[in-house]
Structures are given as structure tokens and as C-alpha cells.
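Got your viewer open? Let's take a short walk together, one selection at a time.

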Amino acid sequence: MVLRSLRVLRAQAGASLSGLPAALATGSGLVLRSLSTDVFQNLALEDWIHDNVDLQSRNILLLWRNSSAVVVGRHQNPWQECDLRLMRRSGVPVARRRSGGGTVFHDPGNLNLTFFTSRKNYDRSRNLRVVTGALKALRPGINVQATDRFDILLDGHYKISGTAAKLGRTAAYHHCTLLCSANRRLLSSLLRPTCPGIHSNATASLPSPVQNLLDHDPSLTPDSILHQLAEQYLTEFGVRGGRVVPVQPADEQTFGGIDRSVAALRSWDWTHGRTPKFSVDTTLELTDRAGSEISTATVHLEVKGGRVERCELAVPPDWLPGGPCMELASLLVGARFCPSETAPIAAAFLRSKPRNAGEETRLGNLCENIVALM
Amino acid sequence: MAAVTRCSFNSVRRLLSHHYKRRCVFKANKQTPVFLSKRYNARLFHATSAWHGPILQFKLSDIGEGIMEVVVKEWYVKEGDKVSQFDSICEVQSDKASVTITSRYDGIIRRLHYAADDTALVGKPLVDIETDTGPEVAQEEDVVETPAMSREEHTHQEIKGQKTQATPAVRRLALENNIKLSEVVGTGKDGRILKEDILNFLAKQTGAILPPSPFHETQRPKEVQPATQTASQPATQTASPKPVLSTQDVTEPLKGFHKAMVKTMTAALKIPHFGFCDEVDLSRLAALRSDLRAISEARGVKLSYMPFFIKAASLGLLHFPILNASIDEACQNVTYKAAHNIGLAMDTSQGLLVPNVKNVQLLSVFDIARDLNRLQALGASGQLGTSDLTGGTFTLSNIGSIGGTYAKPVILPPEVAIGALGKIQILPRFDSNGQLVKAHILNISWSADHRIIDGATMCRFSNLWRQYLENPASMVLDLK
């Protein structure tokens, strides 16, 4: 059984799997710890294990941490979930995972756990018992409880863990977060959507009050929790003397095909382009050069696959003539709903005809307002 | 050669399929009563015309955890698509779990029972699939179990002690083309042989270039979807710009930035351009720059030649403000712009962008260098905003950083002048003593709007600019 699965792994990965065969031979439960803090590499590693490892007779726990990132669920709308402009300025990327659920903020103070099982053995309650059991072992008397929505609450009120899952044909994974010492100020400032007027069928997130375990008790550091989680898992899933195996997702030799997976997960077409169709209906506050005169315009945008499918601008005719506004709207169709594409289009559009100074300023202001939505 | 081979394959295929069909019918006749009573009594069976396969309703199987309904989030197939067993059909969501539903059969999708965002019920039909293998495909009801095998599949080919796994459709394709399954490398899960493996094997044998498999449409979502199917070579899925040999013309509409550029360039070429070129000896500037680089980098700013070129241009514009002007649509008025917002044409991933440094007349060389660093960083990360990209009054294009000597730049409206800098070359020149020396030579090509600027003005401006750069100490006299 073990030999057959090794052959499978070799056939898929194509090269030697240092460390992994020995680890896989130890039995039915295995704990892996990722050495990477790149959210895309870790998400790709999750997919790789799900797709390539034989999980019918074996259970795996993957422990991972990322540098700052916002991770949205499979069918969510990043424009509806977070402040994309602030994230671009701060260099915090958006990642889209393959499991469902809501948006979470990751940083090194947040622990991620992924429980890999066969489809038959998929049991989220059992997995969460590992987490609550570990915390209770570290700090007896701590009030942590899993809810029926598979969140974990501290003191019955603060959310310290959220869950999501992905079910394939024969295998499944359930992953959850665990807030140890995350940067809560950054979390709350980034998870504040700024694009107004979005109508969408995308899965919405339910915001909850959160707290760090470290704030509750200084002994609950990410490393101590990590260690205890591994112990608890190996006990729960019946493996004696197992150890935590470090893995490096960037290793293409061991994880054949992972580079391509990382590139796909990083691509804009996946992170933003995979958003279900949505529309934006909002008003724009327009100003003149010195801010002395003001006006309002309405804009209606339909975005599919992350690209503008339709754009309608209604600007008062005494503020700007209708012709240039319609031209601008038609130029935006087909562009990504993202300033990196629309700002150059607006700049090129502004040059396309000589205009008097007043009209040029107002058009420029209109362009700036539209681009700021994205 | 290929034609001959293909011919012979065809005849063999016809011969074999004739035999195979007869065998099929024979088998089916023998087995049908047993099949229907045991496996198919619980299934709806739509009878269709003789040469189409039966249409089977694929029901949404139990997700587990007592869930009775899910939301269909995304379809990976549409009606008319061909699917293989285990191809992904759709993605459904239930309570934070995203579930991939895979096909149980090979066949053609005939009907989708739900649209995206509809609620689907467990146990009710999800899709109708027209199978092409007939009643030989007997599947397990529960998707949760290990892969469903038909009775025929259980009789694996045991060759060289290896079991080869393949669906009946794949086996028939192999048989029709006289291919031994043991010779084919399976790329499916657990070494399973897929239809693509047979097709690739065939392609290698006949040297034929096969059209891209329509299964690309229904590949598992983790693989990057190829953009178009027009190239007859299988599309590469990596992002590196490999030269792609296509045998067909590809037409696509101009969108977004390219459409806007068409309008801009059309407006630009309405301006009557004239050109003026010269060469500048930057030997002294090169020495000055290498002295100042260390100081600048200590302050955290990279110093290139551009800040000097930009500052020298601004100093020149103070003497020749007509070059920093704009003419209105009716060509009635000229507006002399107060601010020197000097743009620098950049080749970025977003395309040709011209961000500008605002108010150069008020900035020192170091300030300009710092602003350029900021703009270059933004350009590299695709974050240049409208305020950086608009409001320019004069432009320099550093095409020489990529290559070239003399150029014929196009003026960017509403400006009236532009300069293109060629690459800096080390060339032999005579100095004032008549000695042959190595000189750092840069070629500059100016274009200007001949409606309001004449050759003499351009020439004098260029001379002044050149003088500042050839003798950088003279810039100190005029710096504000």
C-alpha cells in the first residue's frame, strides 16, 4: 500500500522526494510544517497535497503561517471585502483560496491549519476538537468552544478561528485560522471595503469581533501553540511517536508542478478575475480645479471576470458635454476593473483631443473619481 | 509519408470498428436484461435515435453532513461540451465548503438543470449527459466511494505485472487505432490512461499535429485556462514570451488602452511635426555623475543621467517658454504653461506610459532624482495613477535605454515639443587641442509643432540644453 502510493507520488512529482517517503511510511497520521511564508506558495502546497497524495488511508495536518495577506474565499468579491487601494499602497497582496467561506487577514501572528483526509473521513468537528484540545492542554480552564458554524470562540464572544473546506472527488481538506498575535490594527483597516454601491451574488463575509490568544494569555505564543497542536493531532489520529516534518513548497523537485500552480494562484485573472459578475452603482462628487464649483454624476458599471463589461456615465450637461463622457465610458469597456489598466486609458483619453483648460480639468477630475472606485 | 500512414490507419480503424461494433451489439444483447434489472431500474433512461447514446441524468450525490441543498457557484461546462469521466463539471458551495462535482460518465452535456447562483437539491438531477458507450458503463451511485469501475474495467490488462486502468471509451479508441495500452503512458490519477494520452501517442506515431483537445474547456480549475483555441499547436500555459508559431491569422478587437492610444496618436499626427537632431558630449557630465552618485545613494536615491537632462530642459524652457505651451483646438490661442511638468516616457507592463515630474522649475536635481525613483517604482508595480499620468507640458523619451541613436518622436498632445534621447556611446572625437579622445556621445532628436515653433527656436533651445550638459558647471549659474 505504501509502495504503491510512493510510485504514484514519483509518477506525479517526477523526482526524488527526500524526507517525504520516510515520513509517509510512519503510519496513518502525519504533521507537515511549511517553511514558506508566501501565501501563494502555501496555497499551492495545499492543492498539491490534495491532488497528489493518497489520502484514503492516511491523514495529514499541514501547519503554515504567512506574511501579511488578505485571503478571500473562492466565490467572493475582493472589491466588496477589503480596501484594495490601501493594500496596494501597503504592499499587502490579495489571494483567493479554492475553498469557500469568508475573507480573512493573514500575518505571521496567525496560524493556519489544514486537515487532509479522505472524502469519507471528512469531519470538521473532530478537527476542531484537536484545536480546542490543544489550547486547553496549554492553558487549562481556557474558555474556547467550536460553534455550529465551525468558528472557534474565546469566552463565548471573540472569534479566534474561522473555517473553510474543499471537497473533491475522493479527498477533502478542511482548513482554519487561529489568531495568536496578529496585527489587529492592520486587520481592521484592511478589511474595510471602500468601493461603494456593489451589487453582487458573491459570498459575503460576516464580520465578527476578534481577539488574539496572546492578549488573553502571554504564554500562548504561536510556537508553543504550534507544538501543542501537532501533539494533539497525532494523539487524536492515533499515531505514536510521530514528528513534525518541515516542507519547502518552493521545491519544484519534490512538489512537481507546484511552480505552475503558484503562478496561477498569483495571477490577477485568478485573484480578481474569478470574481462572480457584479455591478457598481454610485454617485461621484466632481470638483473644479480650486474646488470652488461642485457637481455630482452617477456611474453604473458591470464587471464580469474582473473586466468592465458595461459602463454608463450620467454627468450634468452644464458640467461636461455628453460626447467626451460617452467616449470615456466606451474606452473603459473591456479593461480590467483595476487602476493599473484604467489610469493609463484615462490618461491617453485625455490627450486624444485638444480641449480648453476648464473642460480638461473637469474631465481629469471625473477620470480620477472613476479610477478611485477600483 | 504522414498521408500514407493516416490512410492505412483509417482503413484499419474502419475494419476494427466494424468488428468491434458487431461485438458490442452482440455483448449488449446478451447482457442487457441482466444489466437493466440489476443496475438500471432506479435510473431514468431516455431512449434516443439509434446512433446517439442514451441520455443519463446525473444526480447531485450526497455531500455529507446532512446537507440537503447547495448553491451552484460556477459551471465549468456548457451544453454541447464533451466531457470525460472525472472531469470537473461545476463548483457548488455549502456552508463554507466548496465542492467540486466531477462527471461520472464520458459523453456530451445535453442539459444543465441549474444556472449559476441557483440552489441545487441533493438527489435531484444536476446535468443530463449523453453517453457514447451505452449500457456497458455501469457506475457506482455514490461519488464518495473509490473511483467507479464498470464490469469491463475490472478485467485489467495485466502486462508486465502492471495493471493498466482506462475507461471503456479510452479502450475502444486504443483498439480502433491498434494501440497497446501497455505502450501508452497514463497521465491521469493513479497512472490512469486518458483520451489525451491516446491522442498524444497517435500524434507521435503519425507525426500529425492534432487540433487542441476540446477537453481544455473542462479541465480541472487549478490549471490555467488557455485564452483562445486558434493556434493549431497545443497552447503553452506558461507566461514566458516564447515565440509561438501559428498557422492561422488571429483577429481580436482593440480594447481599452490600445483603443485610447489610437485616438491619441491620431490626434498627435494632426500636428505638423518638424524634427531637429544633434549630438551632445557628456564626458564631463559622466564624471560629475559618478562623483555625486555616492552622495545620492547615501541619501537613498539612485542617480541616473535623467535628472540632469530634465533639469537642463527646464532651465532651457525658462528662456524659450513657447516650447512649454499649448495651442487650443481652433488654433486661436496659445497658452504658456507656468509649471514645467516634464514627462518621461516609460515602457512598463501597462504599456507606454508618460508619468511626469511636476514643477521641475522649483526642484533641484536631487529632488527630481527622488521623484523619478518614486515614479519608476510605481511604474514597475503597475500603480501609476491619473495624477502622475496627466498634466504634462513637455516630454523626454529615454528610448536609448533600450537602444537606438536617432529617432523621430511623436508629440503628445496637448504639448508642442518632445525629445528622444538615444543611447550613450563612447566614440572617438577631437578635443580642443586637436587630440583624439574618448567621448561619451548622446544623440538627441527633437520634434516640435511647426504651427507655433520655428526651426530657429528649436535649434537655440537645443544648443542651450546641450551647453548645460556639456559643461555642467554652467548649470550652477542659472539654478534657482
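Which residue of chain A forms a salt bridge with Glu74(B)? Select Glu74(B) and look across to chain A: the partner is Arg74(A), and the closest N and O atoms of the pair are 3.3 Å apart. Keep in mind as you click around that this is a predicted model. The Glu74(B) pair has company, since the count between chain A and chain B is 5 salt bridges.

**Stop 1: the strand around Glu74(B)**

Now select residues 69–75 of chain B, which make up strand β3. Is this strand mostly covered or mostly open? Mostly covered: 5 of its 7 residues are buried.

Next, bring up residues 88–94 of chain B, strand β5. β3(B) and β5(B) run antiparallel and are joined by 4 bridges. To see one pairing, pick Val71(B) and find its bridge partner in β5(B), Gln93(B).

Then add residues 119–121 of chain B, strand β8. Here 3 bridges do the joining to β3(B), and again the strands run antiparallel. Click Val70(B) this time; its bridge partner in β8(B) is Ala120(B). While you have the strands on screen, remember a handy rule: in a regular strand the side chains alternate between the two faces of the sheet.

**Stop 2: strands from two chains**

Select β10 of chain A, residues 163–167, together with β6 of chain B, residues 97–102. These two strands are joined by 3 bridges and run parallel. For a landmark, choose Lys166(A), which stands opposite Ser98(B) in β6(B).

**Stop 3: the whole interface**

Time to zoom out and color by chain. How many residues of chain A are in contact with chain B? There are 55, and they meet 53 residues of chain B. The area buried between the two chains is about 4900 Å², and carbon and sulfur atoms give 51% of that. Highlight His75(A), Arg169(A) and Arg351(A): these three supply 17% of the area that chain A buries against chain B, more than any other three residues.

Polar contacts are worth a look too, with 15 residue pairs found across the interface. Several elements of chain A supply at least two residues each to the side that touches chain B, including α1 (2–13), α12 (322–332) and α14 (357–372). Which one gives the most? Select α13(A), residues 339–351, which contributes 11 residues.

Finally, color that side of chain A by residue type: you'll get 20 nonpolar, 14 polar and 21 charged residues.

How values were computed
Residues are numbered from 1 along each chain as its sequence is written. Chains are lettered from A and ligands numbered from 1 in the order in which they are written. This is a predicted model: local features need pLDDT of at least 70, side-chain atom pairs count only at pLDDT 80 or more; totals for chains, interfaces and linings use all residues. Side-chain values use heavy atoms; hydrogens and water are left out. Buried means under 20% relative accessible area, exposed over 50%, partly exposed in between (1.4 Å probe, protein chains only). Two strands pair if DSSP finds at least two bridges between them. Contact means heavy atoms within 4.5 Å. Buried area is the accessible area (1.4 Å probe) that two parts lose on being put together, summed over both. A salt bridge is a side-chain nitrogen of Lys or Arg within 4 Å of a carboxyl oxygen of Asp or Glu. A polar contact is a pair of N or O atoms within 3.5 Å; within protein, one must be able to donate a hydrogen and the other to accept it, and residues adjacent in sequence count only if both atoms are side-chain atoms. Ala, Val, Leu, Ile, Met, Phe, Trp, Tyr, Cys and Pro count as nonpolar, Asp, Glu, Lys and Arg as charged, and the others, Gly among them, as polar.
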